[in-house]
Amino acid sequence: MTTESVSVTIDGLSVSVPKGTSIIEAAKHAGVLVPHYCYHPSLPSPAVCRMCLVEIEKFPKLVPACVTPIVEGQVIHVHSPAAIKAREGVLEFLLINHPLDCPVCDQAGECELQDFVFQEGQAASRYGDYPKRYNPVEDFGPDILYVANRCILCTRCVRFMDHVAEEPVLNVSERGDRAYIGIDPSATLDHEWAGNVVDLCPVGSLVSKDFLHKARAWDLDKHASICPGCTQGCNITVDTRDDVVVRLRPRANLEVNRHFICDTGRRDYRWMNRGDRVDAPVVADAAGRRTVAWPAALTHVAETVANASGSVVVLSGGRASVESIGWVLRLVDGANATAAMHVPLGEERAIGAVPNLALRRERAANLAGAEMLGMTADWATAVHAASSAAVVIVLDAELTDDEAAAVARAKSVLHFATVADPRLGASAILPITTMVEEQGVYVNRDGRAQRFLPAKPAPGMAWPAWRIAAEAWALGAEGREAPGTASAAFTALEPFAGLTHRDLGFTGRVVAGAGVSA
Amino acid sequence: MSTHSTEPYRPVFTGETRDRLEALGTKYPTRQALLLPALWAIQEERGWVSPEAITEVAEFLQVTPAYVRGVVTFYTMYHTHPVGRHFIQVCTTSPCNICGAEGVVEAFLEHTGCLDLGATSPDGRFTVIEVECLGACAFVTPVLINDDFIESVTAESVPALLARYP
Amino acid sequence: MGYPHPIHPKETPLLSEYFGDVAARSYDGWVARGGYVALKQALAMTPEAIVDVVKASGLRGRGGAGFPTGLKWSFMPKDDGKPHYLCCNADESEPGTFKDREILRWTPHALIEGCAIAALAIRAETTYVFIRGEYTEPCTIFEAAVREAYAAGVIGENAMGSGKRIDVVVHRGAGAYICGEETALMNAIEGKRGNPRIKPPFPAVSGLFGQPTTINNVETLAAVPPIIVKGGAWYAGLSLSSPKSTGTKLISVCGHVQRPGTYEITMGLPMQELIFDLCGGMRPGRTLKAVIPGGSSVPIMTPEEVAACATDYEGIAAQGSLLGSGGMIVMDDTTDMVYQIMRLARFYAHESCAQCTNCREGTAWTTRILERILRGQGKMADLDLLLSLADNMTGKTICVLSDSCATPVVSGIAKFRGEFEAYITGARAPAMAEV
């Protein structure tokens, strides 16, 4: 890179950033947050909220940090008396018509108006007892309510629909203090990516109906994860309350999903809270069907695999991690097994203006990882092979009746299961964790390996599938040792040799060249 | 008075109106620049800019209805509701205000039968509003009735003036 | 001629000579009065030569900011291969200002000619004349003049046989004061909400349709033809006071004078003479109380300041106010300053585009406080609150509408504090009903 860099001083801290960087982004590099509302790094800046006014020495007026590029040698003050006073003024203006309904507002606790008023606002109102502006709550879409009274007219939502989703159904209507966010009366915010306006809204003006009054923000535990919904691999945060997943939100990754996720991914969390989970190993053999402890279950798995006289088939669901796929294949000596991942297909739904971001046709997060490890997406062939196989391992795959019948014809079936499936006639049901209960890695369609972290505890005795496979594999020969952590399980896999989970950071790392073959 | 009609919407941009706008369009590098002229054409024809008209404008200019509505509601001269047959705008900004414009407004309300500013008279004949500076401050009180710009209206001259607008 | 009053001996009728002369509206009538000589001359000049003449004249923008016109034109890029545009700002909306209206309706061809010359100077082929929607009659007259000018071949694809293309397009506004702000005006032409844009980029770099653009006020452009004909030095010599304020200025005077109307003065005429000689002074038995000299957005002047004031950019600035657009609101001793300042605040609250927080909320809040005082429900602390809000509304937004709302409040409280206090203490009966 030959980008020219520029050095400035921000609140006494020196920072060098590429030429053309805005003051607000340069300040971020210096570790200084310039309070702001309308600015968002994934949207064009209108500089209308006037919160980010900062002082540049020798400038006659404060300047908006969001649209002002830095110039070499500038001395910038974000926390000078003049800048603080300006922000105090803006906060006061924003509050005069803002209802103080924080106790019943979903945004409370993660509200930027609350945060900045708490930091720098005035303790008392000078507005007096004038009535506040009132507009009714409007239904904007399948999952979006507009609470106009809380709106600070930052216009992030309008700009998102105009410039990112490229479906301009929102507008600023009227003018002056009568202005509000309007929606085309014949339209609704049902664009596949429209839900992002709720995240973009810095206050509680655009709220999710699904999450409405469900939990207080401060009661939520937040966990970095990867959306399991498709091969895009959007970075998400899984929000839980009392170990129940209540919300999925985008987590910034400029290389993958910027600040956005699609509504399909956003909505698809209820399976994470299923109550009918398998929570102890079950073995069904000549001695009958019984719940066993892990050593007995592992021995059964190791023996079943060792005694297989004939072909081995692995049928994996779309949410299995590279660790689980890798170790299951190692257990069955993958080179001689037929292994496929079930990849449901859907319609591709692009976001509009962000290149290489879409809800993908292939609705399986780890297809690329599976392929790197030797699995295919040729589900039909694998299911057909299962009907005459000696051993079939079903790795949390959902099967149709016909597929289940084919699997049941195999000599023996080992079911790595989240929920039991009596149709399979499995000789062992091995309780496994889901991706929100374990640490693991998915590889997205662009070859980017990204890790997800556990968001809730595993039910009962459930283990990550990789651990079951690895422990059973270790029983197969002298001197084998199973990895003790997910990271060790990852490092031990040939395509990722030498990499640890920590090496992937929170935004992943590209480990393969070409993307997934369509 | 224009009223909400149960008849299907009849497009405005046909025939001569359409040709006129298309010709005007050649004078701008973007089609969107025709938005204000197109809205004027709608209002001249129909008296107000209805939701259906917004959709027609949007289709004509290849923008969304939401976009058009954002623009319509910005400019105060476009009516988003039906108004009286004669639309009366009385300037009451400071220069006129200090010379008695509020008395002229009262005279208009009284002699038109409009119960309030912005309300239409029961016979559908008039709507009266106060307007911010009409830019004729030496001719107190300037009044716009439809497109007629009338200078130096006094409370006393209101009845005779209204008689010209049956 | 002169409109609405005959030309006063102390006037210098350069632009206003034919105000009131209906025959001057037509193409033939305009040519008979010496029209289009300047354009013919300019068509034979280089753009640089035109800019040089205008620079030498000292002409400054008549819309309010007073920026030197020739310098502004010289900012336009050369040989950039992009289309250039000229915008004519005929959105005259500043309360108290109605001078451009007279040019549009009495001497439309003067403006067409000025537009054409300016377009040549900045290498533009198209001029968009943005006329405020309320100016129905001036717009109709001006549009007719444009049609005539095309028919006569003075503008069009071969202006006056020069082979040069000059197009003039009238674009009608629809009710928004803020469209008088240059970038808001460009948005309005582009079919957008009239929101002012962030600067930079400045219009000469990226203006109308993203192309290099110059925007000038009606009066500025109408002053160009005589400058071309008579020379920059001649125009620069028209000055009674400061050498930085040259030429003539249309002053539209309204309010409590005997003869309100538009007057054309040589820069620097004493304001006292303007009000008391040209305009006939106060109504019988009344005395001067206050003058807002440059449209409602400038500080209010007291009679003492008026008496000491030369009417030009520097003279009015020396008295703490601004020449602005030259829209002069004269108020006599019957005027309720608190009420009028409230009316002005209400005007700005009505016209705020809603983009910037300070303006959207500040203009409305300021209005409410002033209304409260007028209802007899004010508190002394309200005056400090008003000044504090005014400070938060000044120099903090994209455009200056917010500042414009604060200005009369600040100067009003500074100069007429007693009137505010009278409402607050109850010494004066409420001017507005309780709600």
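Trainee: What makes up the contact between chain B and chain C, counted in residues?

Mentor: It takes 41 residues from chain B and 57 residues from chain C. Do keep in mind that this is a predicted model.

Trainee: What is the area buried between chain B and chain C?

Mentor: About 3800 Å², with 58% of that given by carbon and sulfur atoms. On the chain B side, F74(B), I98(B) and E132(B) supply 18% of the area buried against chain C, more than any other three residues.

Trainee: How do you know that E151(B) forms a salt bridge with R101(C)?

Mentor: The closest N and O atoms of E151(B) and R101(C) are 2.3 Å apart. The cut-off between a side-chain nitrogen of Lys or Arg and a carboxyl oxygen of Asp or Glu is 4 Å, so the pair of E151(B) and R101(C) qualifies. The count between chain B and chain C is five salt bridges, and there are also 24 residue pairs in polar contact, both residues at pLDDT 80 or more.

Trainee: Which helices of chain B each supply at least two residues of the side that touches chain C?

Mentor: They are α2 (35-46), α4 (65-72) and α5 (94-97) of chain B. Of these, α2(B) gives the most, with five residues.

Trainee: How does the side of chain B that touches chain C divide by class?

Mentor: That side has 24 nonpolar, 10 polar and seven charged residues. F74(B) and I98(B) are on the list of top suppliers of buried area, and Phe and Ile count as nonpolar, whereas Glu, as in E132(B), counts as charged.

Trainee: Let's move to the other interface. How many residues of chain C are in contact with chain A?

Mentor: 32 residues of chain C are in contact with 33 residues of chain A. Chain C and chain A bury about 2700 Å² between them, 52% of it on carbon and sulfur atoms. In chain C, the residues that lose the most area to chain A are E361(C), W365(C) and R368(C), together 23% of what that side buries.

Trainee: What makes the meeting of E351(C) and R175(A) a salt bridge?

Mentor: Their side chains come to 2.8 Å, N to O. Since the limit is 4 Å, the pair of E351(C) and R175(A) passes. Between chain C and chain A the count is four salt bridges, along with 21 residue pairs in polar contact at pLDDT 80 or more for both partners.

Trainee: Which helix gives the most to the side of chain C that touches chain A?

Mentor: It is α16(C), with 10 residues. The helices α15 (337-351), α16 (357-374) and α17 (381-392) of chain C each supply at least two. By class, that side divides into 13 nonpolar, 11 polar and eight charged residues.

Trainee: Now the sheets. How do you know that β1 and β2 of chain B are paired?

Mentor: Six bridges join β1 (86-91) of chain B to β2(B), and pairing needs at least two, so β1(B) and β2(B) are paired. The two run parallel, and I88(B) stands opposite V128(B) in β2(B). Helix α6 (101-112) of chain B packs on the sheet, touching β1, β2 and β3 (143-145), and its direction makes about 160° with that of β1(B).

Trainee: Why is the sheet with the order β2-β1-β3-β4 in chain B said to have edge strands?

Mentor: It is an open sheet of four strands with mixed pairing. β2 (126-131) and β4 (148-150) of chain B are its edges: each pairs on one side only. From one strand to the next, the twist averages 20°.

Trainee: What makes β3 and β5 of chain A a pair?

Mentor: β3 (53-56) and β5 (75-77) of chain A share two bridges in the antiparallel sense. Two is just what the rule of at least two asks for, so β3(A) and β5(A) count as paired. I56(A) stands opposite I76(A) in β5(A). Helix α2 (81-96) of chain A touches β3 and β5, with its direction at about 165° to that of β3(A).

Trainee: In what order do the strands of that chain A sheet come?

Mentor: The order is β2-β1-β5-β3-β4, five strands in an open sheet with mixed pairing. The edges are β2 (13-18) and β4 (63-64) of chain A.

Methods
Residues numbered from 1 in each chain as written. Chains lettered and ligands numbered in written order. Predicted model: local features only at pLDDT ≥ 70, side-chain atom pairs only at ≥ 80, totals over all residues. Heavy atoms only, no water. Axes fitted to C-alpha atoms, helices over the stretch in contact; angles between N-to-C directions. Contact = heavy atoms within 4.5 Å. Buried area = accessible area lost by both parts, 1.4 Å probe. Polar contact = N/O pair within 3.5 Å; in protein donor to acceptor, adjacent residues only side chain to side chain.
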